[in-house]
Amino acid sequence: GNDWMRDIEPLAAYVPYMVSPGNHESAYNFSHYREYFSMPMEEESQNMFYSFNVGPAHIISYNTEVFFWPKLFTLEHMERQYQW
């Protein structure tokens, strides 16, 4: 959480970057990820998946964790990402 954010602050203040949820987020119910980051499509995806274009490239962030943490993610989460 906070320690990692302080560690990357010197770089993150000047270099744009994008993040994706991963299995290490499960330790805090993905709450740190949701609180600290605001990615594209936040309202539609609850910040768990997104895509955007950069020139001719289409960048995708896909959350595989919805399939492995049934206590944290419901079938609705899986369906929403699948429909996307």
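**Cavity, buried asparagine and salt bridges**

Me: Helix 4 (residues 75-83) gives the largest share of the lining of the largest cavity, 3 residues; what makes a residue part of such a lining?

Reply: This is a predicted model, in which local features need pLDDT of at least 70 and side-chain atom pairs pLDDT 80 or more, while totals for chains, interfaces and linings use all residues. Residues are numbered from 1 along each chain as its sequence is written, and side-chain values use heavy atoms, without hydrogens and water. A cavity is a set of points on a 1 Å grid over the protein atoms alone where a 1.4 Å probe fits but cannot get out, and a lining residue has an atom within 4 Å of a point. The residues that line the largest cavity are S45, Q46, M48, F49, V66, H77, R80 and Q81. A helix here is a DSSP run (H or I) of at least four residues, numbered from the N terminus.

Me: How many cavities of 30 Å³ or more does the search find, and what is the volume of the largest?

Reply: The search of the whole structure finds 1, and the volume of the largest cavity is about 40 Å³, where volume means the space filled by probe spheres set on grid points joined across faces, edges and corners.

Me: Why is N63 called buried?

Reply: N63 has a relative accessible area of 0%, and buried means under 20%, exposed over 50% and partly exposed in between (1.4 Å probe, protein chains only), so N63 counts as buried. N63 touches P21, M48, F49, F73 and Q81, leaving aside residues up to four places away in sequence, a contact being heavy atoms within 4.5 Å. M48, F49 and Q81 are also among the residues lining the largest cavity.

Me: What makes the pairing of E76 and R80 a salt bridge?

Reply: A salt bridge needs a side-chain nitrogen of Lys or Arg within 4 Å of a carboxyl oxygen of Asp or Glu; the side chains of E76 and R80 meet at 2.7 Å, N to O, and therefore satisfy that cut-off. E76 and R80 are 4 residues apart in helix 4, about one helical turn. E76 is exposed at 51%, whereas R80, at 22%, counts as partly exposed.

Me: How many salt bridges does the structure hold, and which side chains meet at 2.6 Å?

Reply: The structure holds 2 salt bridges, and the side chains of D3 and R6 meet in one at 2.6 Å, N to O. D3 and R6 both lie in helix 1 (residues 2-12), 3 residues apart, about one turn of the helix. D3, at 52% relative accessibility, counts as exposed.

Key
On a 1 Å grid over the protein atoms alone, a cavity is a set of points where a 1.4 Å probe fits but cannot get out, and a pocket is an open set with protein on both sides within 12 Å along at least five of seven lines; lining residues have an atom within 4 Å of a point. Helices (H or I, at least four residues) and strands (E, at least two) are DSSP runs, numbered from the N terminus.
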